[in-house]
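Please open the model in your viewer and keep the selection panel at hand, since the tour moves from one selection to the next.

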Amino acid sequence: MVSVPRLVIAAPASGSGKTTVTAGLMAAFAERGLDVSPHKVGPDYIDPGYHALAISSAASSGASGVGRSRVGNARPGRNLDAYLCGPDRIAPLFLHGAAGCDLALVEGVMGLFDGAAGQGELASTAHVAKLLRAPVVLVVDASSQSRSVAALVHGFASWDPEVRVAGVILNKVASDRHEAMLCEALEGCGVPVFGALRRTRAVRAPSRHLGLVPVAERHAEAVDSAAALAARVREGCDLDGLLALARSAPPLSGRGWDPEEEIHRAMDAVPGAGVRGGRAARPVVAVAGGAAFTFSYAEHAELLTAAGARVVPFDPLRDERLPEGTGGLVIGGGFPEVYAPELSANEPLRTAVAGLAASGAPVAAECAGLLYLAHSLDGEPMCGVLAAKARMSERLTLGYREAVAISDTSLAAAGTRVRGHEFHRTTVVPGAGPEPAWGLVHPERRTEGFAQGDVHASYLHVHWASVPGAAARFVDRCAPPAG
């Protein structure tokens, strides 16, 4: 049994202010010297970046001067997605990410009870809260209501008796009088109010076609916003009460997820396969990063390392060559369409990527990586690894997918079934190569992506914690460093 103080920050609907309130709470508690572990329900990559920044910048500032120093020890934001990873992995992944923390805060997704379409509660915030046995604090947009807030909160608190809605934070409150009316209405509801935050435009994060602009693109401004959020939460929320509520969460049974155990278990299931972890020559796996490629799950690098790779990040916007000795390349998601001219202008790196792919080295690219490997993006030359052209589209493609690998690739053997997520407003023509990466089987049937030699390129985001064999397979195909 493991005791981890924890709260799930949820809302009745999207747009209520979950991300700003959660980031503000994380920053405020980090300023107190607490080691805060940040988590996000669902597949979203952007919110965890704001979580990690809020904690690291607050820990560095040490505004309150209370508690022990945590500078340099900020944790990465981690996702908890019961659809992508399966319900049984949620608590282990949480315990892995939250190990040794003083407080874990989990930001929900959409409305509290909204899950995967047509799948009931699966992957909803409520589902994850139940799996974690965590108290839920409901962030309510109170901007257009007064007494009705009691009916709203009562309905959410009583809908599912297994979900413990244990508190409310009122957001977008207009005035002291408005706050008093709201609190009076909630007095007989049985759900305590832990905070009331005034309306403000000072800390809103800018958005574009796929949601918030990632932290990597506005770091200095985001640091200032995190400080403003922390101050706003300190003034408007009962931090001591929220911490006491978090500490009331019961112990969790089981053990934390372990990437090395996962890799060895995956390799044991493949007769004759080996793991490079014990070898002297650790292959270099280059992982794209920087402002254009910000989407990645923390567990991917951990699995690659456990499989024996030396993971080396690089920035396609700035670096003109791949890391020395690169034996494999991973290009995750992001916003290359925003930086198409700059990516295209870095011709030396485009040439290096094309040469690596032609050499037979494994290349794994998803979504933004697919666009970067294409012949062109919005008319700008890209790496030309794939005979396909990409462009921005008016249509948003969004949703969970079930897929099966059609042929053997650097990530999966033919017949491997996975669950993934699509989230893009671009299109690639053709949408699949002569050897597609995946055959989508739910909710629609079509082929998708490119399996070309040891290049695996697709729009589908897959969480490797659900298929750790992907990391082991990828590293096993990497060439060790020369010499």
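Is Cys 183 buried, partly exposed or exposed? Select Cys 183 in this predicted model: its relative accessibility is 25%, and because buried requires a value under 20% and exposed one over 50%, Cys 183 counts as partly exposed. Next select Cys 237, which has a relative accessible area of 10% and is therefore buried. If you are looking for sulfur bridges while the cysteines are displayed, a search of the whole structure finds zero disulfides.

Now turn to the helices, and select H4, residues 90-98, together with H5, residues 125-132. The axes of H4 and H5 come within 9 Å and cross at roughly 70°, and because angles of 65 to 115 degrees count as roughly perpendicular, that is how H4 is placed relative to H5. To see where the two helices meet, show the side chains of Ile 90, Ala 91 and Phe 94 on H4, and those of Val 128, Leu 131 and Leu 132 on H5, as these residues make the contact. Coloured by class, the contact of H4 with H5 has six nonpolar residues, with no polar and no charged ones.

Stay with H5 and colour by accessibility: seven of its eight residues are buried, so H5 is largely enclosed by the rest of the structure. The buried residues to pick out are Thr 125, Ala 126, His 127, Val 128, Ala 129, Lys 130 and Leu 132. Finally, step just past the end of H5 to Arg 133, and check its backbone, where phi is positive at about 50°.

Conventions: Residues numbered from 1 in each chain as written. Predicted model: local features only at pLDDT ≥ 70, side-chain atom pairs only at ≥ 80, totals over all residues. Heavy atoms only, no water. Axes fitted to C-alpha atoms, helices over the stretch in contact; angles between N-to-C directions. Helix = DSSP H or I, 4+ residues; strand = E, 2+ residues; numbered from the N terminus. Parallel < 35°, antiparallel > 145°, perpendicular 65-115°, else oblique. Contact = heavy atoms within 4.5 Å. Nonpolar A, V, L, I, M, F, W, Y, C, P; charged D, E, K, R; others polar. Disulfide = S-S within 2.5 Å. Buried < 20%, exposed > 50% of the residue type's maximum accessible area, 1.4 Å probe, protein only.
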